[in-house]
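Visitor: I would like to go through the reasoning behind some of the labels used for this model. Could you take me from the values to the conclusions?

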Amino acid sequence: MSTPPTTAAQGYGGRARHRIAVLALPGFPPFELGIPSRVFGSAVDEAGGALYEVVVCTADGGPVLSDSGFALQPAAGPEALATADTVIVPPTHAMPELAHGGPLPPEVAAAIAGIRPGTRLVSICTGSYVLAAAGLLDGRPATTHWNLASEFRRAYPRVRLDEDVLFVDDGDVLTSAGVSAGVDLCLHLIRRDHGAAVTNRAARMCVVPPWRDGGQAQYIDRPVPEPTVATTTATRAWALERLAEPVTLAELAAHARMSLRTFTRRFRDETGMTPVQWLTAQRLEIARQLLESSDLPVDLVAHRSGFGSANSLRQHMRTALGVSPIAYRRTFHGPGHAESAQPEPAPAEPAPA
């Protein structure tokens with residue numbers, strides 16, 4: 001990839017805005033193409049200043065035909081990819097050769113080759129095929145639409161595909177599942193860049209939840225249960241009100257008036273996660289919000305989020321996010337935060353099995 005010079009667009013108060021280039025490919029679905037502009041365009045600071053500049057481009061600067069029968073005249077050509085901080089590749093329905101591991105069209109390959117090293121790369125749904133065909137997902141975790149998992153594995157065996165999740169964040173390369181999972185991933189990126197408060201404002205403007213439970217497994221086609229079959233919805237709502245307390249699997253099943261086996265099976269069918277995984281994810285979400293928005297000591301964050309101890313919170317955050325609570329907080333509070341100056345506790349030895 002080449003490394004041309006770039007100048008950041010100036011946002012509110014003269015601050016640099018993060019520049020996002022969205023690559024429109026032939027056969028693009030209009031909804032998915034519009035997700036980045038809508039979501040990132042809703043991300044503003046407390047004064048209402050835009051935090052992102054989003055530009056839609058094509059590989060050769062010319063118009064492209066959507067899968068809905070109309071053409072898009074882009075605002076820019078491949079030069080936008082070369083000056084972007086983040087490049088987003090929405091899906092395409094007009095490159096069938098990619099389904100068999102075939103090569104990218106020359107103009108698309110050339111445009112992607114012009115992206116600067118270190119640029120954040122993002123795909124929505126089958127945009128992952130484009131990144132995979134360019135060799136950018138080799139050896140990396142990624143996802144795509146669950147219905148295409150088998151095809152994708154055959155075409156790109158070097159990619160570590162996980163079709164059960166809504167999106168995969170591998171640092172500088174991120175991939176999402178189909179359609180609305182692209183919204184989830186864009187909100188996740190806003191949170192990574194600016195924290196929960198900005199993300200919540202953007203989500204409210206888009207009238208979507210700032211964070212969704214579970215993964216793609218809950219959307220995979222299954223026989224529809226009889227209307228009389230009980231669900232775990234009420235029990236999940238009940239558990240959300242008690243995250244700071246110890247909640248056992250037996251208590252959850254009892255609240256749902258099901259056997260442990262039935263409850264566990266139905267819970268996984270509905271959420272794509274086990275009850276324990278779901279509880280941990282909810283508690284991590286509470287802990288992240290507290291670390292981002294408050295100065296509470298880590299011990300108190302752990303208690304309020306239901307982990308009981310700072311050590312338990314630390315272990316779960318390292319496993320799920322790869323960082324400690326203090327390091328996570330430092331991302332949003334900066335190096336001047338009081339707790340940032342404290343030495344990082346050494347990781348505890350794992351308990352014997």
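Visitor: Which residues is F152 in contact with, once its neighbours within four places in sequence are left aside?

Guide: In this predicted model, F152 is in contact with S128, Y129, A132, L137, T144, V159 and L161. F152 is also among the residues that touch the most other members of the largest nonpolar core, which has 35 residues, and L137 is another of them. Among the elements that each supply at least two residues of this core are α4 (127–133) and α5 (149–155), and α4 gives the most, with four residues.

Visitor: What makes R192 and D169 a salt bridge?

Guide: Their closest N and O atoms are 2.9 Å apart, and the cut-off for a side-chain nitrogen of Arg and a carboxyl oxygen of Asp is 4 Å, so the pair qualifies as a salt bridge. R192 lies in helix α6 (residues 181–194) and D169 in strand β10, so the pair ties together parts that are 23 residues apart in sequence.

Visitor: Why is R192 called partly exposed?

Guide: Buried means under 20% and exposed over 50%; R192 has a relative accessibility of 32%, which falls in between, and therefore counts as partly exposed.

Visitor: Are E292 and R191, which form a salt bridge, buried or exposed?

Guide: E292 has a relative accessible area of 10% and R191 a relative accessibility of 8%; because buried means under 20%, both residues are called buried. This pair links distant parts of the chain, with E292 in helix α11 (residues 275–293) and R191 in helix α6, 101 residues apart.

Conventions: Residues are numbered from 1 along each chain as its sequence is written. This is a predicted model: local features need pLDDT of at least 70, side-chain atom pairs count only at pLDDT 80 or more; totals for chains, interfaces and linings use all residues. Side-chain values use heavy atoms; hydrogens and water are left out. A nonpolar core is a set of buried Ala, Val, Leu, Ile, Met, Phe, Trp, Tyr and Cys residues joined through side-chain atoms within 4.5 Å. Buried means under 20% relative accessible area, exposed over 50%, partly exposed in between (1.4 Å probe, protein chains only). Contact means heavy atoms within 4.5 Å.
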